[in-house]
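Colleague: I should like to ask for a close look at a single part of this model, the place where a strand of one chain meets a strand of the other. Please explain it step by step, and then set it in its wider surroundings.

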Amino acid sequence: MSSKIIIIAVAILLIISFSVLFVIETKNHNYDYNKTWSVAYFENPRDNSLDFAIENHEGVAAEYGYKIFVGDDKVIDEKVEINAGAKQQISPVIPSERLSGNKVLIEVNYKSKDYKIYKSL
Amino acid sequence: MVIGLLKLILTIPFVLILPGVLFQWAIFGWKSAFGGRKISFFEKAVLAVPFSLIIVDLIVLLLNKLNILLKGPVLVGAILIFCLVCFAAYQLRFGKKKSKKEEESEPDKTFDFSTWQAVFILLALVLAIFIRTAYLSDTIIPSATDLGHHMYWVQTIINTGHLPNYGMPDFIIGEHMVFAAVNLISGIGVMTAMPVLLLLFFNIVGIFTIAILLGRVFESKKIVAISFFVAGSLYAINPPQGRYVSGGVVGNVMGDMLIPVAMYFFYRALKEKDQIFVGLFIFSFAGLLYTHHLSAFVLIFSIAAVVILYLILNFKNIFKIIGEWLRLFLKPFPLALIFIFALYFLVIFTPSYFNPAAVGQATGEPTKNTRIGFSIVQIDSGVGSALLVLGAAGFLLSLFALKRKELKYAFAFGWFLVLFVMTWKPGLLYVNIPSDRVSNYLFLPLVLLSSYALVRYFEVFTSDTSRFFSTVFLFTLLFFVITNGLSDSADVFKAKNQFQGIMETFHSAAYLAATVDTNKDIILKDHVNIYGDSWYKLFFMKDYKYPLSRGVLMRYADPTKPRETCTRDMISNAESDAGKACFADTGVNYVAVNAQIEGNSFEKYPDFSKVYGSDGISIFRKD
């Protein structure tokens, strides 16, 4: 009888353990839950388009500043409000004659953090 | 989330308990044993899991050979058919005569624990499961390197419906089939908690398989009860326990569950001279061969050591003993199983490591510094001081207490001695495998000796005077054992999870998978400084070696063979001549690195554009 109790008790313990771990994994397998980070990236890394996106995973709605430099010249300096967990796509409009042969740097900042992405065109 | 959890909780018993239960019905009957082959409910319950694992593997191998696409309904049907066949065999063998035979056979009381023993076992198991759960709660998002490699192959099985051709001896099919089966039936993906939960399940069942082995070897319920504490609670996190579960060291975790099962049947086969147990030894050994080469290798050495020691200690009767054993192995049930497994190995599926080159790599003089063995200090830090001290005490106590001509003596000593030599001076046995991998198996005989030591200790000191000193010594020893043995568990509660790092890695991999053309673009990512990077390949499912990876740096210096160094040079020295030549040769045009370390260097290189930047990961495009 005691061995049956042990087997049943262990089965229950394992179900509890599995449930706890499964729930923890499912909740945390998420870009936002209990996390504070951001990311900036070009929508298409393979070509020379400058469309880019900022994702807010800081856990709160945040205002991001972004500056775009062509060579050493700052051509855009804007701010954008992004909700927690949301993504903002941005398509900068810059005359094509200013772009050719230059490095285009996009500098995104939130509080003290900077996220730089750039393409050499 | 709830439905997913329910699916998983229902699938695990269907895949990993039901087939084993029915299989045992067919062999042993419903309640007690038939014809003197005593096997208790406790043992049957424990053995259901390893048997199920082997059976499901064999079913999947057969389906694959028959070119039947591996899908959920197919697997459910195949498992149910197997269960029905077992049930029919049970009805044929025991159905009509069942009640009469059950009345005739006396219940086996080897595992009929007293109330206090049961309470002790339950407390040990609560502690064992609690410590592991607490540890895994910080590592439960799939991120471990080994697990990532294994899950690539599991996902390949899921995607294609066929077993993969690895093209390398590093992976064994048994490490992957059960995960694929659970996924195909439950729908729970591999990038969830599922793989780790299955490994945790095998790890906990492993504690039980050691216990049933001890129960049969020492025939003492006290030793069995203590073994739950020693195997379950002491060093619950250190390898080969919690860290191997979270680390996805799949073969070792399964091997640590299956080795005691094979040893259990081997012991009972020789002791009780029963062909059914011989057959089940062959069954579990073949299952191990399909699951993990190193564990099978260790088992072969362990069995050889036990046999040789037993024959030496019974030298006068050596021919008689060998004759008896041969007759035992040449009976119908073992012969039938030998035939079935020969068929499996030769016709249905040959494990990838079954070739002279792979065997040659594992045997002979050690070829690397990592294979020349461990010093005693290294062994101590590997297996844990408490376990080593208790094991040594058990070794000495059994030296005096056990009868040398008994099989249990050869078991206790032979198993420990051979694994100790394989860890300490592997060259003596012509073993050429990494010593740290072998040392983890010392855990098994040490649990056996330690449990024996803790229980037999008082029996040595029987007089009142010696009992006082022995009690003082015992409490000192227990204090040391508990503080030392639980020290790794205490660290669990100080650990900080790495969930954000993992999710950033996954995000960067998903970004690349969505934007690059894997037919044209070649990606290189850094294993050294990106957390959970081995899971990158699951986002592409293009090839095991896609994306390319800069590995651990010391691996590039291999005295046994030249290694390619481009994957290192393209990250470590991207602007050097060697680095530039490597970019040209390999065609790598995307590099994913740690933003804070290599990312800062790459930002200074003029030939790269930075297309992705997060807190942890930067991705550069080669212009």
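Modeller: In this predicted model, Val39(A) stands opposite Ser614(B), a residue of β4(B). The next residue along, Ala40(A), stands opposite Gly613(B), again in β4(B). These residues of chain A belong to strand β1, residues 37–42, which pairs with β4(B) in the antiparallel sense over three bridges.

The strand also has a partner within its own chain. Six bridges join β1(A) to strand β2 of chain A, residues 52–57, and these two strands run antiparallel. One pair of residues may serve as an example: Ser38(A) has Asn56(A) as its bridge partner in β2(A). Thus β1(A) pairs with β4(B) and is also joined to β2(A).

The side chains of the strand deserve attention next. In a regular strand the side chains alternate between the two faces of the sheet. In β1(A), Trp37(A), Val39(A) and Tyr41(A) point one way, whereas Ser38(A), Ala40(A) and Phe42(A) point the other way. Both sets are buried. A residue is counted as buried if 20 or more other C-beta atoms lie within 10 Å of its own. Six of the six residues of β1(A) are buried, so the strand is largely enclosed by the rest of the structure.

The strand may now be placed in its chain. Chain A has two helices and seven strands, and along the sequence they follow the pattern α-β-β-β-β-β-α-β-β. The radius of gyration of chain A is 23 Å, well over the 14 Å that the globule rule gives for 121 residues, so chain A is more spread out than a compact globule. Its C-alpha atoms fill a box of roughly 85 × 30 × 20 Å along the principal axes. The chain is divided into domain 1, residues 1–30, and domain 2, residues 37–120. The C-alpha centres of these two domains of chain A lie 46 Å apart. Buried residues make up 30% of the 121 residues in chain A. Among contacts in chain A between residues at least 6 apart in sequence, 51% join residues at least 24 apart.

The strand pairing can then be viewed beside the contact between the two chains. This contact takes 40 residues from chain A and 46 residues from chain B. On the side of chain B that touches chain A, at least two residues each come from α1 (2–16), α3 (41–65), α6 (115–136), α9 (194–218), α25 (499–515) and β4 (608–614) of chain B. The largest share, nine residues, comes from α6(B). Sorted by class, this side of chain B has 28 nonpolar, 11 polar and seven charged residues.

Chain B, the partner, has 29 helices and five strands. A compact globule of 623 residues would have a radius of gyration near 25 Å, and the 26 Å of chain B agrees with this. The C-alpha atoms of chain B fill a box of roughly 80 × 60 × 50 Å, taken along the principal axes. Of the 623 residues in chain B, buried residues make up 51%. Among contacts in chain B between residues at least 6 apart in sequence, 76% join residues at least 24 apart.

Chain B is divided into domain 1, residues 2–95 + 115–360, and domain 2, residues 499–622. The centres of these two domains of chain B, taken over C-alpha atoms, are separated by 38 Å. Where they meet, 11 residues of domain 1 of chain B are in contact with 10 residues of domain 2 of chain B. The side that domain 1 of chain B presents there has five nonpolar, six polar and no charged residues.

Finally, a word on the interior. The largest nonpolar core has 231 residues, of which Ala181(B) and Ala262(B) touch the most other members. Helix α9(B) gives the most to this core, with 19 residues. Leaving out residues up to four places away in sequence, Ala181(B) touches Val15(B), Val56(B), Val60(B) and Leu75(B). Another residue, Phe228(B), lies in helix α10 of chain B, residues 221–232. Phe228(B) is buried, with 26 other C-beta atoms within 10 Å. Setting aside neighbours within four places in sequence, Phe228(B) is in contact with Ile121(B), Ala124(B), Leu125(B), Ile207(B) and Ala211(B).

Key: Residues numbered from 1 in each chain as written. Chains lettered and ligands numbered in written order. Predicted model: local features only at pLDDT ≥ 70, side-chain atom pairs only at ≥ 80, totals over all residues. Helix = DSSP H or I, 4+ residues; strand = E, 2+ residues; numbered from the N terminus. Rg over C-alpha atoms; globule rule 2.2 N^0.38 Å. Buried ≥ 20, exposed ≤ 12 C-beta atoms within 10 Å, placed from the backbone. Contact = placed C-beta atoms within 7 Å. Nonpolar A, V, L, I, M, F, W, Y, C, P; charged D, E, K, R; others polar. Pairing = 2+ DSSP bridges. Domains from an automatic or database assignment. Core = buried A, V, L, I, M, F, W, Y, C linked by C-beta atoms within 7 Å.
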